[in-house]
Amino acid sequence: QVQLVESGGGLVQAGGSLRLSCAASGRTFSNYAMGWFRQAAGKEREFVSGISRNGVRTNYAGSVKGRFTIFRDNAKNTVYLQMISLKPEDTAVYYCAADRFSPTAVVHTTSREYDDWGQGTQVTVSS
């Protein structure tokens with residue numbers, strides 16, 4: 001099991017930026033694909049972005065493509081989500097997740113493929 005701790009959420013005005021971080025425990029972080037999901041109040045959890053084990057492949061939801069960037073630092077056991085041009089509809093609790101069994105260059109987009117989850121960090125974008 002992997003322990004994941006998110007940080008970096010907060011309150012920001014529309015058009016602003018935030019960088020979320022997710023620190024993972026253990027010594028095999030580079031073996032995991034990582035993903036970011038979000039859940040807005042009253043809505044289902046949705047995929048935001050993911051990155052493959054080797055960092056070569058990334059995937060984004062259409063609603064964030066061009067505004068969000070996912071990247072990882074395997075030496076620091078951390079995955080990041082850089083968010084720019086934030087919109088009120090980006091308001092949600094953001095979760096990072098580890099996919100411990102993905103093939104090397106695969107990024108899954110469904111939550112059932114992910115094995116371990118963080119507690120989440122709140123992002124609120126005011127208009």
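A residue counts as buried when its relative accessible area is under 20%. In this predicted model, Asn77 comes in at 16%, so Asn77 goes down as buried. Asn77 sits in the loop between β7 (68-73) and β8 (78-83). The backbone is a bit unusual here too: phi of Asn77 is positive, about 50°, even though the residue is not a glycine.

Ser85 is another non-glycine residue with a positive phi, in this case near 50°. Its place is the loop between β8 and β9 (92-99). Ser85 has a relative accessibility of 36%, so it is partly exposed rather than buried.

Turning to the rings, the structure has five aromatic pairs. One of them brings together Phe37 and Tyr114, with 5.2 Å between the ring centres. The planes of Phe37 and Tyr114 meet at 80°, and because an angle over 60 degrees counts as edge-to-face, that is the label this pair gets. The two partners come from distant parts of the chain, 77 residues apart: Phe37 belongs to strand β4 (residues 33-39), while Tyr114 lies in the loop between β9 and β10 (116-117). Both Phe37 and Tyr114 are buried.

Phe37 also pairs with Trp117, and here the ring centres are 5.0 Å apart. With the planes of Phe37 and Trp117 at 55°, the pair is classed as tilted, because that angle is neither under 30 degrees nor over 60. This contact again links distant parts of the chain, joining Phe37 of strand β4 to Trp117 of strand β10 across 80 residues. The two partners fall into separate exposure classes: Phe37 has just 2% relative accessibility and so is buried, whereas Trp117, at 24%, is partly exposed. Put together with Phe47, the residues Phe37, Tyr114 and Trp117 make up one aromatic cluster.

Trp117 has a charged neighbour as well. The charged end of Arg45 sits over the Trp117 ring, 4.7 Å from the ring centre. Trp117 is thus a member of the aromatic cluster and also the ring beneath the Arg45 charge. A second arginine is placed in a comparable way: Arg19 lies over the face of Tyr80, and the distance to the ring centre is 6.0 Å.

Note on methods: Residues numbered from 1 in each chain as written. Predicted model: local features only at pLDDT ≥ 70, side-chain atom pairs only at ≥ 80, totals over all residues. Heavy atoms only, no water. Helix = DSSP H or I, 4+ residues; strand = E, 2+ residues; numbered from the N terminus. Buried < 20%, exposed > 50% of the residue type's maximum accessible area, 1.4 Å probe, protein only. Phe/Tyr/Trp six-rings, centres within 6.5 Å; stacked < 30°, edge-to-face > 60°. Lys NZ or Arg CZ within 6 Å of the ring centre and 35° of its normal.
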